[in-house]
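Colleague: I would like to learn how to read contacts, cores and sheets in a model. Can we take them one by one?

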Amino acid sequence: MIFDVEHETMPREELEALQLRRLQNVVARVYENVPFYRKKLDERGVKPEHIQKLSDVTLLPFTEKQDLRNHYPFGLFAVSRENIVRLHSSSGTTGKATVVGYTKRDIKNWGEMVARCLAAAGAHSGDFIHNAYGYGLFTGGLGVHYGAEELGATVVPISGGGTRRQAMLLRDFGATVITCTPSYALHLYEAAKEMGIDFRDLPVRIGIHGAEPWTESMRTEIENKLGITAIDIYGLSEIMGPGVAIECAKVKKGLHIQEDHFLAEIIDSETGEQLKPGEKGELVITTLTKEGIPLLRYRTRDISRLNTAPCRCGRTTARMERVTGRSDDMLIIRGVNVFPSQIETILLETEGLTPHYQLIVGRINNLDTLEVRVEVDEAVFSDQIKNLQRLETKIEKNIKEFLGVTAKCKLVEPKGIERSEGKAKRIIDMRGSQA
């Protein structure tokens, strides 16, 4: 089902004309109302009237996450505090939190965007949506919640945590759609299994998963174990929250971007140069309709590529490739660039391993080291020690062969890696403490 036929199937020429009008409007608004952007634009000698075509977006400055932190809490808001009806914020675990504000219209637009996404995933007004994204300052829970209500579905606002209780309520309430991170979906499966609940006996048919990078191998793992169709959703709090883009259930080849609200680019993360459609690089997004905190050319640090060809589902919006990692999460091990998702693919293609792993990065004698800790399943754990050692050697060989980096593999017992109720903590970088 297409929720908003007018905007999701708009001819490309009309869509780009709409984007240009909205780009011109947002540049004028931030120049008038946000001193940070006025200073940035003046330094470049750029005025709002210089934006005459979509390609002129390259005249505009980039916005970084640090810019939001530097202007904490409200320094980048484009409207008065009286017009802000809601605040959301990041956790601030790596520094000051990033704070975003929403006007009443922002909230309405957000709900409609998420409703589009839910419909693209195959959800409809008759569904029970078990929403296990966290509520509160994190955008995931409330973002999906309002979208589900806009769709007309019944939403179960379970949030994160209480995993065994969640498994019970999935059975008792008869949810048909579940929304959570992909790693938490597998955690739920394990909890349900321990309680004697077989996910494949439940009416859940769709899982909508995001907030962390995940691979096709993990999708297969989720679909096989839970007996559902697993759909990738994309969003980030600085831009809006969940609902920026989603796969359509019909094709599942790229995530449809809500292009009437966002102008997406791909850039070379080193040079900042804009790349052509089909080239892989860093995703950059300009908000076209957001009132509370509009952002120009926000560097997401997510690695993707764009495809502007129409989709068989009928939508004409550009699709972004599944995020394969982040430019700032990329590990450089002795000169080799490594993304966690690349190692995850190797692990999930190895029989006897679970999808739960951690990458421990260290430094010995000024040389970087990488240890891959991964859980084995019950059958393998009970195997002979020499067979476990062979499996470790096989994994180390595959990582070396496919990625060109030397890693030590350590197999751990089932449940030996701590579970997360939100984003999985994949990387533990010890290099700072070992310097």
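Modeller: Start with contact: it means heavy atoms within 4.5 Å. Keep in mind that this model is predicted.

Colleague: Then what is Glu64 in contact with, leaving aside its neighbours within four places in sequence?

Modeller: Glu64 is in contact with Tyr298, Arg299 and Arg301. Glu64 itself sits in the loop between helix H3 (35–44) and helix H4 (65–70). Along the chain, Glu64 and Arg301 are 237 residues apart, yet 9.2 Å separates their C-alpha atoms.

Colleague: Why is Glu64 classed as partly exposed?

Modeller: Buried means under 20% relative accessible area, and exposed means over 50%. Glu64 has 24%, so it is partly exposed.

Colleague: On to sheets. In what order do the three strands of the open sheet run?

Modeller: The order is S10-S11-S12, with antiparallel pairing. Strand S10 (262–267) and strand S12 (298–304) are the edges, each pairing on one side only. On average, neighbouring strands here are turned by 30° against each other, direction ignored. Six bridges join S10 to strand S11 (residues 281–287). One bridge partner in S11 is Glu282, which faces Ile267.

Colleague: And cores?

Modeller: In soluble globular proteins, nonpolar side chains tend to be buried together. Here the largest nonpolar core has 70 residues; Leu23, Leu60, Tyr234, Ile239 and Met320 touch the most other members. Helix H5 (residues 104–120) gives the largest share, nine residues. Another core, of 25 residues, lies apart from it, including Ile158 and Phe199.

Colleague: Which residues does Leu60 touch, not counting those up to four places away in sequence?

Modeller: Leu60 touches Leu23, Val27, Leu41, Arg44, Val46, Ile51, Leu296 and Arg297.

Definitions and conventions
Residues numbered from 1 in each chain as written. Predicted model: local features only at pLDDT ≥ 70, side-chain atom pairs only at ≥ 80, totals over all residues. Heavy atoms only, no water. Core = buried A, V, L, I, M, F, W, Y, C linked by side-chain atoms within 4.5 Å. Buried < 20%, exposed > 50% of the residue type's maximum accessible area, 1.4 Å probe, protein only. Helix = DSSP H or I, 4+ residues; strand = E, 2+ residues; numbered from the N terminus. Pairing = 2+ DSSP bridges. Axes fitted to C-alpha atoms, helices over the stretch in contact; angles between N-to-C directions.
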